[in-house]
Amino acid sequence: MKKSYVLTALTFAVLVILAVGAAGCINQPAQTTEINVYAAASLTGAFTEIGDKFTAANPNIKVVYNFAGSQTLKTQILEGADADMYVSANDKQFDPVVEAGLITEKKVLLKNKLGIAVVKANTLKITELGDLSKSGVRLVIGDESVPFGQYTRTIIQKYENDSNAGYVNVFMNNVITQVDAVTGVKTVITTGEADASIVYVSDISKADKESITVIEIPDKYNVIASYPYGILKATTKTDAVKKFESYLTGKEGSAILTEYGFSPVSAAA
């Protein structure tokens, strides 16, 4: 009788231990994977929204962004930064990473145009590129190291070549400050430090349009900017990164990019 009691007690104890262990396994939260996305500063608004919605749909994957000028991101990656995906605002800052053998495959995410940003009041009545060379106009532009600064110089050179001799020098004489990321432009304009800038159309969000107007630049002077991207070969989170890539280039991501003024390549294909 005593032996039977002991066996019953031992059996009960084992069952309790197994039950507790099973419950622990069931209640154990799934591990969260963090992916590091290095993206051009001009993508800040759109990518932040995409990241939030992607994580809501995929709670076990957290997107951690590093937004900066493409040249800064390029340098960081070449120096060994822990990036899983890199999205640049031009080929010049992307190709060195490819040439270093760090990217699995170069793809194009989207295209973008540039426009003239002015304060809503626009008291100087700026309506076209020619007005940016008027006396007294204060300009803020991207410096030569960043894509939108390089594109600005291409645009004004195209304009000068179209029977507007001397335009580039006069334009550059009106420049009061140069910045290394498009995020620095809006503050300078809205505070009244500068009157205008040449920026990506996508940089001026719905909220920004309450205080800033974007004037179209004709295609014959404009630059169609391509944004290349790729997954880093060194990533250890391939499945998570590819899942984010699918969302980014799919219907949901493309819709958000379009809303922010970009032209997603996947959406146009």
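**Stop 1: the largest cavity**

Select G69, P147, F148, V182 and Y200. Of the 14 residues that line the largest cavity, these five lie nearest its centre. You are looking at a predicted model, so keep that in mind on every stop. How big is the space? The largest cavity has a volume of about 80 Å³. A search of the whole structure for cavities of 30 Å³ or more turns up just 1. Now colour the lining by residue type. You should count 10 nonpolar, 3 polar and 1 charged residue around the largest cavity.

**Stop 2: the largest pocket**

Next, select N112, K113, L114, V201 and G261. They lie nearest the centre of the largest pocket, which has 15 lining residues. The space in this pocket comes to about 170 Å³. Colour by type again. The pocket lining divides into 7 nonpolar, 5 polar and 3 charged residues.

Which strands each supply at least two residues of this lining? Show β4 (107–112), β5 (114–119) and β9 (212–216); each of them does. β9 gives the largest share of the pocket lining, with 3 residues.

**Stop 3: β4 and its partners**

Keep β4 on screen. Add β10, residues 225–231. β4 and β10 run antiparallel and are joined by 5 bridges. For one place to zoom in, pick K107; Y229 in β10 stands opposite.

Now add β11, residues 263–264. This strand also pairs with β4 in the antiparallel sense, over 2 bridges. Pick L110 in β4 and P264 in β11: they are bridge partners.

**Stop 4: the whole sheet**

Zoom out and show the strands β2, β1, β3, β10, β4 and β11. That is their order across an open sheet of 6 strands, and the pairing is mixed. Which strands stand at the edges? They are β2 (61–68) and β11. Each has a single partner strand, so one side of each has no neighbour in the sheet.

Turn on side chains while you are here. In a regular strand, side chains alternate between the two faces of the sheet.

**Stop 5: helix α2 and its neighbours**

Hide the strands. Select α2 (residues 44–57) and α9 (residues 251–259). Their axes are 9 Å apart, and the helices pack at an angle of about 150 degrees. Are they roughly parallel or roughly antiparallel? Angles over 145 degrees count as roughly antiparallel, and therefore α2 and α9 are roughly antiparallel to each other. Look along the crossing: α2 passes α9 in the right-handed sense.

Last, swap α9 for α8, residues 238–249. Here the axes of α2 and α8 are 11 Å apart, at an angle of about 120 degrees. That angle makes α2 oblique to α8. The crossing of α2 past α8 is right-handed.

Conventions: Residues numbered from 1 in each chain as written. Predicted model: local features only at pLDDT ≥ 70, side-chain atom pairs only at ≥ 80, totals over all residues. Heavy atoms only, no water. 1 Å grid on protein atoms, 1.4 Å probe; cavity = no way out; pocket = protein on both sides within 12 Å on 5 of 7 lines; lining within 4 Å. Points joined across faces, edges and corners; volume = space filled by probe spheres on them. Nonpolar A, V, L, I, M, F, W, Y, C, P; charged D, E, K, R; others polar. Helix = DSSP H or I, 4+ residues; strand = E, 2+ residues; numbered from the N terminus. Pairing = 2+ DSSP bridges. Axes fitted to C-alpha atoms, helices over the stretch in contact; angles between N-to-C directions. Parallel < 35°, antiparallel > 145°, perpendicular 65-115°, else oblique. Left-handed = near helix turned anticlockwise from the far one by under 90°.
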